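The following exercises are to be worked through with the sequence and the structure at hand. Please attempt each task before reading its solution.

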Amino acid sequence: MAVDPKTTCYDDTRAQSFQSYLQQSGQHKAVLRSLHKVLPGEFKRIGVDQSSLDVLSVGSGGGEVDVEILTLLQSTFPAVPITTDIVEGSTQLTDNFKALVTKTPNLQKIPFAWHLMSSENYETQVKVKGDMKKFDFIQMVQMLYYVDNLTDTITFYHSLLKNNGRLMIIIGAANCSYDILWKTYKKELGVGIVRESRSSAEVIACLKSLGLKYEEHDQPNSFDITECFNPSNQTGKNLLNFMTAKNNFYESFTPELRAGILNHIRNKCSTEKDGRVMFNNNMSCILVHA
């Protein structure tokens, strides 16, 4: 399948930074702890009297969270067939996801439809084909930073929900360290694949303006970024690349701006604990009703 360059959210360098960030941040563990508290009850409500369950994942990354969610859904309704559509713009991350599926025996019975494209391109394709497949559960984990229009994106994907469905959005919490950093340096940082800072505050304001019912669940998380202040440390470089959405943090800014960003990350976005610099990575899980 040929891929339009515009569809790929992550090139190889960006995907490597993303994987480094995941390893360092413990984000997936934090997300999964929260989901195991929230989703069993939601799945029971969503799946009642259903003969099949259809799931859509937008911005799946390497699939680690998806595998856990699908496994949880299977355990809730072991006799109900499940289908899954995956929308992901990175070839490398999609390949990682496919490899993970082959290693997960319980997923072998689930048919996967792979859409290697951005969420906007998926929306365009669906509208052109007139193929409005409806879903019981749609998940958007840490991906709304990459869309051009927040309101249009939420409106479209909400329209794909079945009558009793849920749209799950996971995004950085308002006033988390990313939110503070990006709102402070919006002009300097918002010139690449991420154009503007978005947090749970913007998402909830959007949902309210659309008149949609939702619940918000906090997902506390923080991680050690001490290595970010050692220019020779590769993990630190990868984290800075991801945090600023650049392929090379040290080559993307003037020395003065680079120093200012590092100072801001350390003194305005972080706290110190036992001599280590800790970054506030709190997230929000927002469940939107059909």
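Five exercises follow, each with a worked solution.

The model is predicted: local features need pLDDT of at least 70, side-chain atom pairs count only at pLDDT 80 or more, and totals for chains, interfaces and linings use all residues. Residues are numbered from 1 along each chain as its sequence is written, and side-chain values use heavy atoms, with hydrogens and water left out.

**Exercise 1. The open sheet**

Task: Determine the strand order of the open sheet of three strands, and state which helix packs on this sheet.

Solution. Step 1: Recall the terms. Helices (H or I, at least four residues) and strands (E, at least two) are DSSP runs, numbered from the N terminus. Two strands pair if DSSP finds at least two bridges between them.

Step 2: Read off the order, which is β7-β9-β8, with antiparallel pairing. The edge strands are β7 (222–224) and β8 (270–273), each of which pairs on one side only. On average, neighbouring strands of this sheet are turned by 35° against each other, direction ignored.

Step 3: Add the helix. Helix α7 (residues 177–184) packs on the sheet and touches β7, β8 and β9; contact means heavy atoms within 4.5 Å. The direction of α7 makes about 80° with that of β9. Axes here are lines fitted to C-alpha atoms, for helices over the stretch in contact, and angles run from 0 to 180 degrees between N-to-C directions.

Step 4: Examine one pairing. β8 and β9 (residues 276–280) are joined in the antiparallel sense over four bridges. Within this pairing, Thr271 has Met278 in β9 as its bridge partner.

**Exercise 2. Strand β5 and its partners**

Task: Explain why strand β5 is described as largely enclosed, and describe its pairing with β4 and β10.

Solution. Step 1: Consider burial (buried means under 20% relative accessible area, exposed over 50%, partly exposed in between, with a 1.4 Å probe and protein chains only). Because nine of the twelve residues of β5 (residues 161–172) are buried, the strand is largely enclosed by the rest of the structure.

Step 2: Turn to β4 (residues 135–141), which pairs with β5 in the parallel sense over six bridges. Met140 has Ile169 in β5 as its bridge partner. The chain passes from β4 through helix α6 (residues 150–159) to β5, and this β-α-β crossover is right-handed. The term means that, with the strands pointing away from the viewer, the path from the first strand over the helix to the second runs clockwise.

Step 3: Turn to β10 (residues 283–289). Its pairing with β5 is antiparallel and extends over seven bridges; Ile171 stands opposite Ser284 in β10.

**Exercise 3. The loop between β4 and α6**

Task: Locate Val147 and state which residues it touches.

Solution. Step 1: Val147 is found in the loop between β4 and α6. With 5% relative accessibility, Val147 counts as buried.

Step 2: Leaving aside residues up to four places away in sequence, Val147 touches Ser119, Glu120, Thr153 and Arg198.

Step 3: Compare a distant position. Val147 and Asn230 are 83 residues apart along the chain, and their C-alpha atoms are separated by 32 Å.

**Exercise 4. Positive phi angles**

Task: For Asp49 and Gln142, give phi and decide whether each is buried or exposed.

Solution. Step 1: Recall the general expectation. Most residues other than glycine have a negative phi.

Step 2: Asp49 has a positive phi of about 65° although it is not a glycine. Asp49 lies in the loop between α2 (27–47) and β1 (53–58) and is exposed, with a relative accessible area of 79%.

Step 3: Gln142, which is not a glycine either, has a positive phi of about 50°. Gln142 is placed in the loop between β4 and α6 and is buried, with a relative accessible area of 13%.

**Exercise 5. Aromatic rings**

Task: State how many aromatic pairs there are, and classify the pair of Tyr145 and Tyr146.

Solution. Step 1: Apply the rule. Rings of Phe, Tyr and Trp (its six-membered ring) pair if their centres lie within 6.5 Å; planes under 30 degrees apart count as stacked, over 60 as edge-to-face and the rest as tilted. The count comes to 14 aromatic pairs.

Step 2: For Tyr145 and Tyr146, the centres are 6.3 Å apart and the planes make 90°, so the pair is edge-to-face. Tyr145 counts as buried at 18% relative accessibility, as does Tyr146 at 15%.

Step 3: Identify a cluster. Ring pairs link Tyr21, Tyr178, Phe223, Phe242 and Phe279.
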